[in-house]
Amino acid sequence: MSMSALISALRGAGRQQLAAGTTVTTTQVTGSYLLRIDGCTLKTAINDTLVKSGTFGVGGHDWRILCYPNGAWLYRGWLSLYLERANHSKTGDAMADVRMSILDHDGKTITTKSGGRKFSGPDDRCGWDEFVETEALDKEKRLKDDDNLSILCDVIVYDTRAADYRAGLTPTGTVVPLSELHQQLAVVLWESKEGVDVEIEVGGETFAAHRWMLAARSPAFKAELALTTATNRLHIDDMDAAVFKAMLLFIYTDALPKELELATMAKPLLVAADRYKLERLKLICEEELCGHIGVQSVAAMLALAEQNSCRVLKEACTGFLSEPGNLKAAMATGDFEQLKTGCHPALMELLMKQYIAAIEA
């Protein structure tokens, strides 16, 4: 019987989840494995000669059949068979039952043995030194003289983890959504205001907040609150109420109001973010302002960047001024004095050198 016919016969007998392999080619399976050893002569095989199957998967673990056609050491004249783990370091311990069967040329069982154990180490194996005497197989007269030996191995794994039971199943297509816990908590705290313990007066309006939230998000707020433990009120000068409300929402939710027009609010919001050490909000404002740099605005933008330590915005402004003609055009707008008062002396010196070079050109 050919290899394919033998597999068909076994599947017809109920082993639907069956793959097969030889000492050359193997296929992963989930339950059973058929090892066909070609060129195997039991009588003339050298004692302690090992034939290994390829690895096959059962229950999330990899396994391998070890066969000694003429016995393992000291067991000459016997067929020795074992099952061993192939990936203990990756998947850990396993409890498994194993049944080995020798099949005749027609796929019928000549002899079978069963056993089981816990596989708890890389060298653990389950099997038999004296599985069957080679002479007994000869007496059965059920192995043809085609030098083929067929071994069927059934494995049942009991200690597979929950994820292992899905091995070999068709994917469901389910996508686990990203966690929204932090967003949900932030929104609840912002909308409910439950447990608020401080009131902040800004621009004629009063805002309720949680001390721990302000302190956790802003080093500047943490320092201010440490100085006002005896009162539950803070007063903030030099800030518009709308700007503070947007900043406070960002502190709670890490997002700005949907209705906010950032293009018009970016400058005062950047100043507020720098004041309260909200670096992410500050970068958001810088990126917005970088998109509005022009001849008429670059002087004010550069002064703003210098005053509030905005590296991204400053680099964008100096990059704009380094373009041919831009510095000369900016100087002609009448904002030169603003540049002189707002910029660092070293930066102003660099700009002046560029300006002189542009005039001479």
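Me: Which strands does helix α7 lie across?

Reply: In this predicted model, helix α7, residues 241-253, lies across β11, β12 and β13. Its direction is at about 10° to that of β12.

Me: In what order do the strands of that sheet stand, and how is the pairing described?

Reply: To read a sheet, one follows the partners from strand to strand. Here the order is β12-β11-β13, in an open sheet of three strands with mixed pairing. Because β12 (205-209) and β13 (233-236) each have a single partner strand, they stand at the edges, and one side of each has no neighbour in the sheet. On average, neighbouring strands of this sheet are turned by 25° against each other, direction ignored.

Me: How many bridges join β11 to β13, and do these strands run parallel or antiparallel?

Reply: Strand β11, residues 198-202, runs parallel to β13, and four bridges join the two. For one of the residues concerned, E201, the bridge partner in β13 is H235.

Me: Let us turn to a single side chain. Is R85 buried or exposed, and which side chain of opposite charge is nearest?

Reply: For a charged residue, one examines burial and then possible partners. R85 belongs to strand β6, residues 78-85. R85 is buried but has no salt bridge. The nearest side chain of opposite charge is D93, 5.7 Å away, whereas the cut-off for a salt bridge is 4 Å.

Me: Which side chain does join R85 in a polar contact?

Reply: The side chain of H61 does so, at 3.2 Å. Leaving aside residues up to four places away in sequence, R85 touches several residues, including H61, W63, D93, F119 and D124.

Definitions and conventions:
Residues are numbered from 1 along each chain as its sequence is written. This is a predicted model: local features need pLDDT of at least 70, side-chain atom pairs count only at pLDDT 80 or more; totals for chains, interfaces and linings use all residues. Side-chain values use heavy atoms; hydrogens and water are left out. Two strands pair if DSSP finds at least two bridges between them. Axes are lines fitted to C-alpha atoms, for helices over the stretch in contact, and angles run from 0 to 180 degrees between N-to-C directions. Contact means heavy atoms within 4.5 Å. Buried means under 20% relative accessible area, exposed over 50%, partly exposed in between (1.4 Å probe, protein chains only). Lys and Arg count as positive and Asp and Glu as negative; His and the chain ends are not counted. A polar contact is a pair of N or O atoms within 3.5 Å; within protein, one must be able to donate a hydrogen and the other to accept it, and residues adjacent in sequence count only if both atoms are side-chain atoms.
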